[in-house]
Amino acid sequence: MASTIVLAVVFVLDLIAFALAVAAEQRRNTATVVKETDYSFCKYDSDIATGFGVGALLFLLASQLLIMAASRCLCCGKAMKPSGSRACAIVLFIACWVFFFIAEVCLLAGSVRNAYHTKYVWSEKSSCKELRKGVFGAGAAFVVFTGIVSELYYVSYSRANDSPGSYGRGDSGVRMGNL
């Protein structure tokens, strides 16, 4: 049976990761061009979105590690019994890792790009590098997908381990010995 404590902790970690990713999207850097007499440069506002993005990345990582530790990463431990829950668990396991990877890439790339500040620009056509809108938002969306799929994976994995075998008692299958 799936542990409700594991599911609750994973839900809280994913919720915190989602909130931090949304906060990072709202507080991403903006820049203004400041013109001096013979040069111009970019002036950036606060850099808190980078911290929010890294925090979301770490909370999502903790959530994923907890689910994988609780399920023994699908490949370690005893074999699952053949059933529909096993097939569902395998599909959800793969989807969980794909969504996790995409979310982590969005959050990491957004944090790195948000932390990058252009230095002095010596031309009249100054352009300040800023993070594109929606990078942290995409990360937040994939945090939600990862959270949903990882919890469904854990429940399917638990069902596959708890379900009775496909063979009834006393039926050992096809006999291969001499009569």
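Okay, one term before we start: a residue counts as buried when its relative accessible area is under 20%. By that cut-off, 37% of the 179 residues in this chain are buried. And keep in mind that what you have in front of you is a predicted model.

Let's do the overall layout. We've got 4 helices and 2 strands. Walk along the sequence and the order is α-β-β-α-α-α. If you like contact statistics, take the contacts in the chain with a separation of 6 or more: 82% of them come from residues 24 or more positions apart.

Strands next. β1 covers residues 31-35, and 5 bridges tie it to β2, with the two running antiparallel. One pair to click on is Val33, whose bridge partner in β2 is Cys42. Together β1 and β2 make a hairpin, and 4 residues sit between the two strands. So how many of the residues of β2 are buried? For β2, residues 40-44, that's 4 of the 5, so the strand is largely enclosed by the rest of the structure.

Now the helices. A quick reminder for the next part: a packed pair of helices is described by the angle between the axes and the distance between them.

First pair: α1, residues 4-26, against α2, residues 48-70. They pack at about 160°, and their axes are 8 Å apart. Anything over 145 degrees counts as roughly antiparallel, so that's what α1 is relative to α2. The crossing of α1 past α2 is left-handed. Who's making the contact? On the α1 side the residues include Val6, Val9, Val10, Leu13, Ile16 and Leu20, and on the α2 side they include Phe52, Phe59, Leu60, Ser63, Leu66 and Ile67. Asp14 of α1 is in there too. Sort the contact residues by class and you get 19 nonpolar, 3 polar and 1 charged.

Let me zoom in on two residues of α1. Ile16 is in that helix, and between its C-alpha and that of Phe59 there are 6.9 Å in space, with their positions 43 residues apart in sequence. Is Ile16 buried or partly exposed? It's partly exposed, because its relative accessible area is 31%. Val9 also belongs to α1. Its C-alpha is 7.9 Å from that of Ser63, and those two are 54 residues apart along the chain. With a relative accessible area of 37%, Val9 is partly exposed.

Second pair: α2 with α3, where α3 is residues 84-115. Here the angle is about 160° and the axes are 8 Å apart. That makes α2 and α3 roughly antiparallel to each other, therefore. Handedness? α2 passes α3 in a left-handed crossing. From α2, the contact residues include Thr50, Val54, Leu57, Leu61, Gln64 and Met68. Facing them from α3 you'll find, among others, Phe93, Trp97, Phe100, Glu104, Leu107 and Asn114. The class breakdown for this contact is 15 nonpolar, 5 polar and 1 charged.

One last thing while you have the viewer open: which residues of α2 turn up in the contact with α1 and also in the one with α3? Gly53 and Leu60 are among them, listed for the α1 contact and for the α3 contact. Okay, that's it from me.

Methods: Residues are numbered from 1 along each chain as its sequence is written. This is a predicted model: local features need pLDDT of at least 70, side-chain atom pairs count only at pLDDT 80 or more; totals for chains, interfaces and linings use all residues. Side-chain values use heavy atoms; hydrogens and water are left out. Buried means under 20% relative accessible area, exposed over 50%, partly exposed in between (1.4 Å probe, protein chains only). Two strands pair if DSSP finds at least two bridges between them. Axes are lines fitted to C-alpha atoms, for helices over the stretch in contact, and angles run from 0 to 180 degrees between N-to-C directions. Angles under 35 degrees count as roughly parallel, over 145 as roughly antiparallel, 65 to 115 as roughly perpendicular and the rest as oblique. A crossing is left-handed if the near helix is turned anticlockwise from the far one by less than a right angle, and right-handed if clockwise. Contact means heavy atoms within 4.5 Å. Ala, Val, Leu, Ile, Met, Phe, Trp, Tyr, Cys and Pro count as nonpolar, Asp, Glu, Lys and Arg as charged, and the others, Gly among them, as polar.
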